[in-house]
Structure formats: structure tokens, C-alpha cells
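Colleague: I should like to go through this model with you, one point at a time. Please give the reasoning before each result.

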Amino acid sequence: MLRREPMLSSRIFIWQHFTRLTPEEVQAVIPLFHPVWADADPAAIASADQHAAHGNFRAWAQLTAHVRLGLERTGRERVDSEVLGWAFSRL
């Protein structure tokens with residue numbers, strides 16, 4: 001979209017192409033991304049990626065914000081299927 005607008009396109013110094021994270025990259029990167037994922041079950045991370053984030057880092061950031069709120073509201077300390085389900089419903 002930016003490339004179609006010369007006034008905007010001319011302000012981009014370098015165009016970067018981002019690809020989705022692979023499932024292996026998700027398991028390696030997401031626990032390091034935010035403390036809520038650090039001690040999360042790898043199956044919960046895989047489920048979150050499959051159902052909501054799809055390897056998209058921006059989607060992971062949005063999901064993480066909802067998960068943090070869900071953990072805060074429920075008083076839980078770890079991500080579980082109930083918190084994930086609630087967070088999915090917010091996306």
C-alpha cells in the first residue's frame with residue numbers, strides 16, 4: 001500500500017520482508033519474548049500459535065496483552081487453556 005503512494009514510499013529507506021515464524025521458531029522465541037510465556041507449557045504455546053498467532057509476531061504481541069489481562073483478572077500465575085480461550089475470544 002505504501003508503495004502506491006509516492007510521497008510515502010519515498011520516505012522508506014530500506015524495505016524489509018518479514019516471514020511468519022515456523023513452529024520451531026515459535027517454541028524457541030516466544031518464551032523469551034515475554035515472561036508470561038517463559039514457564040508456559042510448550043503445548044499451550046503451540047496451541048496459541050495454531051489457533052491465534054499463526055507465526056505472526058504482531059499477533060503474538062496482541063495475544064500476549066490479552067493473556068496478561070486474563071492472568072491478572074483470574075489471579076493465575078501460568079497460562080492455561082482457560083486463559084488462552086478467554087484471550088482468543090478477545091482477538
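Modeller: A salt bridge is taken here as a side-chain nitrogen of Lys or Arg within 4 Å of a carboxyl oxygen of Asp or Glu. The model is a predicted one.

Colleague: By that definition, how many salt bridges does a search of the whole structure find?

Modeller: The search applies the limit of 4 Å between nitrogen and oxygen. Over the whole structure, the number found is 3.

Colleague: Which side chain meets that of Asp 39 in a salt bridge?

Modeller: Asp 39 lies in the loop between α3 and α4, and its partner lies in the loop between α5 and α6, 39 residues apart, so that the pair links distant parts of the chain. The N to O distance is 3.9 Å, and the limit is 4 Å. The partner is Arg 78.

Colleague: Are Asp 39 and Arg 78 buried, partly exposed or exposed?

Modeller: The intermediate class lies between 20% and 50% relative accessible area. Asp 39 has 39% and Arg 78 has 43%. Asp 39 therefore counts as partly exposed, and Arg 78 is likewise partly exposed.

Colleague: Which residues are linked with Arg 76 in a network of salt bridges?

Modeller: Arg 76 pairs with Asp 80, the closest N and O atoms being 3.3 Å apart. Arg 76 also pairs with Glu 82, again with closest N and O atoms 3.3 Å apart. The residues linked with Arg 76 in the network are Asp 80 and Glu 82.

Colleague: Is Glu 82 buried or exposed?

Modeller: In this network, Arg 76 is partly exposed at 30%, and Asp 80 is partly exposed at 25%. Glu 82 has a relative accessible area of 53%, and the exposed class begins over 50%. Glu 82 is therefore exposed.

Colleague: Turning to the interior, how many residues has the largest nonpolar core?

Modeller: Trp 37, Ile 45, Trp 60, Leu 63, Val 67, Val 79 and Leu 84 have the most contacts inside this core. Helices α2, α3, α4, α5 and α6 each supply at least two of its residues. The number of residues in the core is 19.

Colleague: Is Val 26 buried or exposed, and in which helix does it lie?

Modeller: Leaving aside neighbours within four places in sequence, Val 26 is in contact with residues including Ile 45 and Trp 60. Its relative accessibility is 1%, and buried means under 20%, so Val 26 counts as buried. The helix is α2.

Colleague: How is α5 placed relative to α6: parallel, antiparallel, perpendicular or oblique?

Modeller: Leu 63, Val 67 and Leu 71 are among the residues of α5 that meet α6, where the partners include Leu 84 and Phe 88. The axes are 9 Å apart, at an angle of about 130 degrees. That angle makes α5, relative to α6, oblique.

Colleague: What is the handedness of the crossing in which α5 passes α6?

Modeller: The handedness depends on which way the near helix is turned from the far one, and clockwise is the sense that applies to this pair. The crossing is right-handed.

Colleague: What is the value of phi at His 54?

Modeller: Most residues other than glycine have a negative phi. His 54, in the loop between α4 and α5, has a positive value. The phi of His 54 is near 55 degrees.

Note on methods: Residues numbered from 1 in each chain as written. Predicted model: local features only at pLDDT ≥ 70, side-chain atom pairs only at ≥ 80, totals over all residues. Heavy atoms only, no water. Core = buried A, V, L, I, M, F, W, Y, C linked by side-chain atoms within 4.5 Å. Buried < 20%, exposed > 50% of the residue type's maximum accessible area, 1.4 Å probe, protein only. Helix = DSSP H or I, 4+ residues; strand = E, 2+ residues; numbered from the N terminus. Contact = heavy atoms within 4.5 Å. Axes fitted to C-alpha atoms, helices over the stretch in contact; angles between N-to-C directions. Parallel < 35°, antiparallel > 145°, perpendicular 65-115°, else oblique.
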